[in-house]
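Trainee: Could you take me on a close look at one part of this model, the place where two helices pass each other? I would also like to hear about the surroundings of that part.

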Amino acid sequence: MDSIFENIPKVFTVLELNTAACAVLKRGFPMPVWVAGEVQRVSDKGHIYFDLVQKGSGGTQVVAQVNAVMFANIWAKVSNKFKEAGIAFALKSDIEVKFLCEVDIWAKGGKYSIKILDVDPAYTLGKVALARAKIIEELRKAGLLEKNKRLDIAAVPLRLGLVTSYNSAAYHDFINELAISGFGFSVEVYDSLMQGENTQNSVTAALNHFSGFAPGELDVIVVARGGGSKADLGWFDNKKIAETIANCSFPVITALGHQIDTTIADLAANLTVKTPTAAAQYLAARVKAFMDDLVQRETDILRSCAEALSGGRVSLQNISLRLESDVSGYFRLHRERLLAARHTVAARAERVFSRDQQFLTAAAVSLEGTLNKIFKNQRQRVQYSEGLIQSLDPVNVLKRGYSVTFKDGKAVKTISDVPAGTTITTMLVDGTFVSDVKETSPGG
Amino acid sequence: MSVKKEIKYLQAMQELNQILEGLQAQELDVDELSVKVKRAVELIKLCRERIEKTELEVKKIVKEFEEEPNDK
C-alpha cells in the first residue's frame, strides 16, 4: 500500500462512512432538486417505494435508474393537491413524473436514493396527458373506441356481469339500487381489484370471464367502482383494460365513481355513467321503459280492439239503418206508383166506359129505329103476302067463277091434254061435274 | 346462468306492434281479432312475468389476485 495513505489517521466504521458520504452528498445538493423520470415498480406500503427510471430515446432501454420513496405524509399532501385541482392522478408504473426531491443515502443500508418532497402537477399531467392521448389515438386508430359501442344494450337488460370489488360500497350501491327497482335482475359478481398495480390483470380477467359467456346468456357487463380516492381513477387510464372492454362480446357500462374525468376505459365502453347507483338506475330505467311501453301497447291494443269492435258495431248500425230506410223508401215508392197506376187505370176505364156508354146508347137508339123499320117492313110484306095468298087461293078463284078441269086427277093446263072424246072432270066452287070433250080449238 | 326458453323481448314487442297496427288500420276481421288480442295479452303477460316475478339474484365469483397488502 502506498505510504501516503498510511498517514491517514481516521478509520471509519461502515455507518460512519455512510453518514459521512451522506453529509458530503447533502453538501453537494444543498437545495432540493427537480428530477423527471418514469415511475416503475411501485410498491405501496403506506410509504410508496418505486424506481425512477430514465429510458433511451427508443423508450424501452433503461439508461439509468434510482430508488425513490415517497412517505405517506407527502403522498397525502400530493394527492390532496391533485384532488383540489380536480385531476385524477395515481402514482403508477409507466407514467412520467417530475419530482422535487432530496438526494439521500440511507445510512444503514448504504443505498443512494431520492426522497420525494413534492410533485409538479403541470409537468406530470402534461406527460400523463401525452401518454394518455397517445393511447387514445392508438385505440381510435384500431377502431377500439367504437367497437363496444356498436353492440346494442338489450331492451330488457336483466342478466348482468358485474366487475367490482365484492362487498365494496360500489357493489352495495349497485345491488341495492337494482333491488329497489323490483325487477328480476340476475347479477353475477366477479370480485375484482379496482385500484392498485393489479387492477389491470384483475379487471381484464373479469371482463374476459364475462365475455366468454354464450350469446343470450348475458345482457350487459358493468364495471363499477365506488367513491374512493380520485387518484385511484388513474388505474383505469389503462390501455389493456380499454382494449379488453372494446373486445367484449357484450356491451360494457363503466361506472367508475367520478364526476368530471373520463378514463380511457370509459372511452372504450359502450356507455359511461358517473356512479354504480347511476348504472343500476340506468338499467332499471331501461327495463321500466320496456315495461311502460308494454303497458302502453297493451292499452293501445285494447283500445284499438274496442274501437274496431265499436266501429264494426256502428257500421253495422249504419248499414241496418240504411237498409231500413232503403227498404221503406222502396216500398213507399212502389206504393205511390201503385196508387198512381190505380188512378190512371180508373180514369182511363171511366173514360172508356163513358165513351162506350154513349156509343151503346146511340147504338140502342139506332137499333130500335132499325128494328122498328124492319118490323114495319116485314109487317107490310106479310100483309101484302096475305093478300096475295088470299087472292091466289083456288077457292077464292073458284068463287070468282073460275073452274079447274082435271083429267085422270091432274089439272088440265094445255088444250093438247084434252083431245076430243076425253072425259074430263071440272071442279067448281061448290061441286064438280064430268063432261066429254066434243071438239078442241087451240088459242086463248 | 340459465338458458331457458328465452323471451325475445324485442320480438315480442315487434309482434305487439304488428297486432296494434293491424288493429289501428282496421284490417283485422272480428274472428281474427280475438285470436290476435289473446296473443297480445299472452305476450305482454309473458314479458311482464319474466321481468317482474324473479327475485334479484346475485352470484359471486372469486378469483384471487395478489395485491399489495396495504392497498385496501
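Mentor: Happy to! Let's start with the crossing itself: α6(A) passes α10(A) in a right-handed crossing. Please keep in mind as we go that this is a predicted model. The axes of α6(A) and α10(A) come within 8 Å and cross at roughly 25°. Angles under 35 degrees count as roughly parallel, so α6(A) is roughly parallel to α10(A).

Now look at the residues that meet there. From α6(A) come Ala170(A), Asp173(A), Phe174(A), Glu177(A), Leu178(A) and Ser181(A). Facing them in α10(A) are Pro276(A), Thr277(A), Ala279(A), Ala280(A), Gln281(A) and Ala284(A). Sorted by class, this contact has seven nonpolar, three polar and two charged residues.

Both helices also have a part in something else, the contact between the chains. That contact takes 48 residues from chain A and 39 residues from chain B. On the side of chain A that touches chain B, at least two residues each come from β1 (33-45), α6 (169-181), β7 (186-191), α7 (199-211) and α10 (276-392). The element that gives the most to this side is α10(A), with 14 residues. By class, the side of chain A that touches chain B has 22 nonpolar, 15 polar and 11 charged residues.

One more element on that list deserves a stop, namely β7(A). Six bridges join β7(A) to strand β1 of chain B, residues 57-62, and the two strands run parallel. To find this pairing on your screen, pick Ser186(A), whose bridge partner in β1(B) is Glu57(B).

Finally, how confident is the predictor? For the model as a whole, the scores are ipTM 0.72 and pTM 0.59. Chain B has a mean pLDDT of 72, with 69% of its residues reaching 70 or more. In chain B, helix α1 (residues 9-24) has the highest confidence, at a mean of 82, while β1(B) has the lowest, at 79. Two stretches of chain B call for care: the pLDDT is below 50 over residues 1-5, and also over residues 67-72. Beyond near neighbours in sequence, residues 1-5 of chain B have seven contacts in the model, and residues 67-72 of chain B have 15 contacts. Where pLDDT is low, the predicted coordinates should not be read in detail.

Key
Residues are numbered from 1 along each chain as its sequence is written. Chains are lettered from A and ligands numbered from 1 in the order in which they are written. This is a predicted model: local features need pLDDT of at least 70, side-chain atom pairs count only at pLDDT 80 or more; totals for chains, interfaces and linings use all residues. Helices (H or I, at least four residues) and strands (E, at least two) are DSSP runs, numbered from the N terminus. Ala, Val, Leu, Ile, Met, Phe, Trp, Tyr, Cys and Pro count as nonpolar, Asp, Glu, Lys and Arg as charged, and the others, Gly among them, as polar. Two strands pair if DSSP finds at least two bridges between them. Axes are lines fitted to C-alpha atoms, for helices over the stretch in contact, and angles run from 0 to 180 degrees between N-to-C directions. Angles under 35 degrees count as roughly parallel, over 145 as roughly antiparallel, 65 to 115 as roughly perpendicular and the rest as oblique. A crossing is left-handed if the near helix is turned anticlockwise from the far one by less than a right angle, and right-handed if clockwise. pLDDT is the predictor's confidence in each residue, from 0 to 100.
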